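Please find below my notes on the model you sent round. They are set out as numbered points, to be read beside the coordinates.

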Amino acid sequence: MSPITQWFISPLDDVLNVTLYVPNGSMVFVPYEGVFNSSVSLENVNFSRSNYIFFIGGLYVRKDLTASNISVHVFIPKACYRDLYWPTAEMYITGTLTYYYKWLNVTLVNDVYILLRLGSVGRDFKGLTWGRYGLIVIDCVGGMSKLVNSDINIFYHELAHLWFGGYANFGRLNEGFATYLEWRMLDVFGHRKYFFQKVEEEVIRYHSRINIASALDLRSRGYSDPAVTAMIYNKAAFAFRSLELVMGRETFDRALEDLLRDCQGTYCDLTTVQVVFENVSGQDLGWFFEEWFNSTKLPDYKIENLTLSSESGSYSLTFTITDTSNFIMPLEIRTVTEDGRFIDKTVWVNGSAEVSFKLDAKPMRIILDPNEWMVNENKEYDVNGIKVIVE
């Protein structure tokens, strides 16, 4: 048995009075109630809100960390723990909390407890967070090597829930915010490329079935399938990533800060999110939320009318970008020349846009959305001998 044991209690519509007898040297975590290292009597425990109890006893390693004045306590079964991988895990945990505090500028009110378990946390996920109480539980079935080498994004995601879900509550939209922050950490630590390809393919597979707003409503009523999950986690995260491109990172981060402070300790819905982002940016963003949250479409970019001319060793490249989905979005365009250099330009595409480049070498490739700010229909094709790549 794992030294960190999880009990699940069938949902109850009533409340109970519970007495926990905690052995010396052990701890018990009861979500929505607290953390206990001595026997305690609890009154009116509501097991309809949380059906889990976590018990720590036996052979485990405890690590106590501090990041941005946040105290973190990590409990690892000895069968999972490896000295070789702990410095990397510590770097990711403290680094993630430091960046989140820098970006969000909101201080957590609780210590953070991270429990690694040898057993599965849940059927469809590898981590759970009770953000309001600073409790994070993560699978360690494959050992610490797997956690720090291939599953580190689980830490990024669950730590984000300390703010989105803990400090403030946005219902199922918490997952979109947490996934967005998870991806920013993938950028920080250089893990993004392969991961983005996988999640983008998932959104492209399901997006035409349901929009984000409808998926949020269905999930709040207990309905779930792969399409609903893809919209709530990944398309919503891409929507916030795209909104960052529209607003600029500094303004976007100020909006996140205001959003958390305005919604602290309460529930805010998508309408509130839009109002706060509009107030901070000074922009009417109705068009953006209509495109990304209420539509089942994705941008679908195509290059047409491409011409290339040269004179005295320089090149003039012109073309038209058309979006068959008629989104209004800024689009990054990268032109790569035969000497391996590239030039980036951002243009607003409102159905279509005219683009021109002056180049010192012959262009070989045009890459649309090279930094993958948005989810769009990916493709590769040639136009007049120049390869076009839509990321």
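The points below go from the overall fold to the cores and then to the charged side chains.

1. Status and overall content. The model is predicted, and everything that follows should be read as a description of that model. The protein has 391 residues, 55% of them buried. Its secondary structure consists of 10 helices and 19 strands.

2. Dimensions and surface. Taken along the principal axes, the C-alpha atoms fill a box of roughly 85 × 45 × 35 Å. The accessible surface comes to about 17600 Å², and carbon and sulfur atoms account for 46% of that area.

3. Contact order. Among contacts with a separation of 6 or more, 63% are between residues 24 or more positions apart.

4. Main core. The largest nonpolar core has 115 residues, and the residues with the most contacts inside it are Trp-163 and Phe-170. Helix H7 (residues 226-247) supplies the largest share of this core, 14 residues. As background, nonpolar side chains in soluble globular proteins tend to be buried together.

5. Surroundings of Phe-170. Leaving aside residues up to four places away in sequence, Phe-170 touches Phe-164, Phe-177, Leu-259, Leu-260, Cys-263, Tyr-267, Cys-268 and Val-273.

6. Second core. Apart from the largest core lies another, of 14 residues, including Tyr-60, Phe-75, Leu-115 and Val-137.

7. Charge balance. The protein carries 35 positive and 47 negative charges, and the mean positions of the two sets are 5 Å apart. The number of salt bridges comes to 14.

8. A buried pair. Asp-253 and Arg-184 form a salt bridge through their side chains, at 2.8 Å from N to O. The pair links distant parts of the chain, with Asp-253 in helix H8 (residues 249-262) and Arg-184 in helix H4 (residues 173-188), 69 residues apart. Both Asp-253 and Arg-184 are buried.

9. A pair between two loops. The side chains of Arg-209 and Asp-225 also meet in a salt bridge, at 2.9 Å from N to O. Arg-209 is in the loop between helix H5 (192-206) and helix H6 (212-220), while Asp-225 is in the loop between H6 and H7, 16 residues apart from it in sequence. How do the two ends stand in terms of exposure? Arg-209 has a relative accessible area of 53%, over the 50% cut-off, and is therefore exposed. Asp-225 has 17%, under the 20% cut-off, so this residue counts as buried.

10. A pair with no buried partner. Asp-217 and Arg-221 meet in a salt bridge through their side chains, at 2.8 Å from N to O. Asp-217 has a relative accessibility of 38%, which lies between the 20% and 50% cut-offs, so Asp-217 is partly exposed. Arg-221 is exposed, because its relative accessible area of 60% is over 50%.

11. A charged network. Lys-126, Lys-146 and Asp-151 are joined in a network of salt bridges.

12. Glu-290. This residue lies in helix H10 (residues 286-293). Is Glu-290 buried, partly exposed or exposed? The relative accessibility of Glu-290 is 47%, under the 50% needed for exposed and so in the partly exposed class. Between Glu-290 and Phe-327 the C-alpha to C-alpha distance is 9.9 Å, with 37 residues separating them in sequence.

Technical notes
Residues numbered from 1 in each chain as written. Predicted model: local features only at pLDDT ≥ 70, side-chain atom pairs only at ≥ 80, totals over all residues. Heavy atoms only, no water. Core = buried A, V, L, I, M, F, W, Y, C linked by side-chain atoms within 4.5 Å. Buried < 20%, exposed > 50% of the residue type's maximum accessible area, 1.4 Å probe, protein only. Helix = DSSP H or I, 4+ residues; strand = E, 2+ residues; numbered from the N terminus. Contact = heavy atoms within 4.5 Å. Areas by Shrake-Rupley, 256 points an atom, 1.4 Å probe, with all protein chains shown as cover. Lys, Arg positive; Asp, Glu negative; His and termini not counted. Charge placed at Lys NZ, Arg CZ, Asp CG, Glu CD. Salt bridge = Lys/Arg side-chain N within 4 Å of Asp/Glu carboxyl O.
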